[in-house]
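Thanks for asking me to look this over. Below are a few points to read alongside the structure, in numbered order.

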Amino acid sequence: MSGPVDGAIAAIEHVVKAPIWDCRMCGQCVLHSTGMTCPMTCPKTLRNGPCGGVREDGSCEVEPQMQCVWVKAHHRAEHLPLLPKSWRLHIRDLRPPVDNSLKGTSSWVNLLTRRDQQTPPGWLGVAAPHS
Amino acid sequence: MTTPRARLAALARSRHRPIVTAECPSADGGTVEDLHTRLATIAPFVDAVNVTDNPAAHAHASNVAMAIALSQRGIEPIMQIVCRDKNRIAIQADIAGASMFGVVNFSALTGDDVTAGDEPQARRVFDLDGPQLVSCLAGMKAGTYLSGRTFSTPGDFFIGCVENPGAPPLDYRADRALLKVNAGAQMVQLQISYRPEQLEAFMAACVANGVAERAIVLPSVCLTKGAKALGFMNDKVPGISVPADSIDRVAEADDQAEEAYLLVRDLTAHALALPGVAGIHITDFRHDGSLQRLTEELHIGPRFDTTSDRSDPTSELKEHHAHNS
């Protein structure tokens, strides 16, 4: 993504999403599948659930003053009002590795162009063969 | 060079007795010979040995070097890989390199944060996360790097992961294990747990969702010298909590070291009796023969394998080749 129009859309997206979700402009938004909780605000930027370091009270291993992003995501995926049921279930999906080349671009544009659906050619997701 | 025996994969298939794995001590200098001297109190009593990857974000001799060192002496390593220190290119290179030396068991971890270590100024990477690394390993097992470029494994990979039955959100932990099994994990080693009720709940969920059947689940215990070490783990190690009554039990005993051992023996016996548990993972911080004592008193590990053909490493090798052909 490049050019003045895309740049302007990215700027608008940032203005809208940063105050609400602390958006980090990864360019491949998964908010709908994570209980409207941005996984890029996890200090380890984990996209697939909480690490094993979550403290007993549900706070973050790295920043104890903060609730674990994934504890919050799980709670919200179950309890947030108005969330479509399919979105609630998406929290169990395996999200692919972050495409770092999309950082700073508009996830809205990437959604429309389906650019955010591209995964590495060797990525199996959960379709791994079992022995 | 000894050919890898793939004992772990064979045991995961047969499950004819509890599987025993142990943690390899970290190396900060010394030679491979020194390492094997230290392993002499561990390796003969277990089926495979975890080589860690800069545990608690402290630099040590690398996971790749340690895995090769074990493999070349016929000790089966489980090479742990954390996501904290390297990006996807470097991690795949490590896997490819280790596999050239016969390493077949890999375990994917997120990894403690850099702030848990002695170099908190370091840059954290986390280019992949734990479940993504499992899938990446499954891709290499199937014959490609993440990029799609061809990779051929000389041995059939056995893919492990970890889960913490004691970290919030508790009711999601078995689901996360399932996510990793769906991505290709064949083994789930658990974080050390001092709370039997949490382990029971986690295992019941793993039986219900199929994880315990599709992968070997190994709870972990940790041999320590006394109450001080238990307190340290409770206070300093991310993701581990030790109940006050367990610490008191050890602190108030006449013989702290003995009571600390008995606490672990109780936890181990409890874990092994739970439905769905395939074995146990042991971390030994005592280095006084307690690991051997534990395996002997509970009759677990390769020395208590009643199936005669299993105790002959060459039969496992044959089985491994038969499985691959």
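**Notes on helix packing, a buried strand residue and the chain contact**

1. Let's start with a helix pair in chain B, bearing in mind that this is a predicted model. Helix α4 (residues 88-100) of chain B packs against helix α5 (residues 130-142) of chain B at an angle of about 45 degrees, and their axes are 11 Å apart. That angle makes α4(B) oblique to α5(B). The way α4(B) passes α5(B) is a right-handed crossing.

2. If you would like to see the side chains involved, look from α4(B) at R88(B), I91(B), Q92(B) and I95(B), which meet L133(B), C136(B), L137(B) and M140(B) of α5(B). By class, the residues of this contact between α4(B) and α5(B) are six nonpolar, one polar and one charged.

3. α4(B) also has helix α3 (residues 63-71) of chain B as a partner: the axes of the two come within 10 Å and cross at roughly 15 degrees. An angle under 35 degrees counts as roughly parallel, and therefore α3(B) and α4(B) are roughly parallel to each other. Their crossing is right-handed.

4. Which residues of α3(B) and α4(B) meet? On α3(B) they are V64(B), A67(B) and I68(B), and on α4(B) they are D94(B), G97(B) and A98(B). The contact of α3(B) with α4(B) comprises four nonpolar, one polar and one charged residues.

5. Now for helix α12 (residues 290-297) of chain B, whose buried residues are S290(B), L291(B), L294(B) and T295(B). These residues lie on the same side of α12(B), because they cover an arc of only 135 degrees around the axis. Their cover includes β1 (19-23), β7 (216-223), α11 (256-272) and β8 (279-284) of chain B. Just after α12(B), you will find H299(B) with a positive phi of about 55 degrees.

6. Q189(B) sits in strand β6 (residues 187-192) of chain B. Is Q189(B) buried or exposed? Q189(B) counts as buried, because it has 23 C-beta neighbours inside 10 Å, and the cut-off for a buried residue is 20 or more.

7. Beyond its neighbours within four places in sequence, Q189(B) is in contact with T21(B), S107(B), G160(B), V162(B), L218(B), S220(B) and H281(B). N164(B) is 25 residues away from Q189(B) in sequence, with 8.7 Å between their C-alpha atoms.

8. Finally, the contact between the chains takes 32 residues from chain A and 36 residues from chain B. On the side of chain A that touches chain B, 18 residues are nonpolar, nine are polar and five are charged.

Definitions and conventions: Residues numbered from 1 in each chain as written. Chains lettered and ligands numbered in written order. Predicted model: local features only at pLDDT ≥ 70, side-chain atom pairs only at ≥ 80, totals over all residues. Axes fitted to C-alpha atoms, helices over the stretch in contact; angles between N-to-C directions. Helix = DSSP H or I, 4+ residues; strand = E, 2+ residues; numbered from the N terminus. Parallel < 35°, antiparallel > 145°, perpendicular 65-115°, else oblique. Left-handed = near helix turned anticlockwise from the far one by under 90°. Contact = placed C-beta atoms within 7 Å. Nonpolar A, V, L, I, M, F, W, Y, C, P; charged D, E, K, R; others polar. Buried ≥ 20, exposed ≤ 12 C-beta atoms within 10 Å, placed from the backbone. Arc of directions from axis to C-beta.
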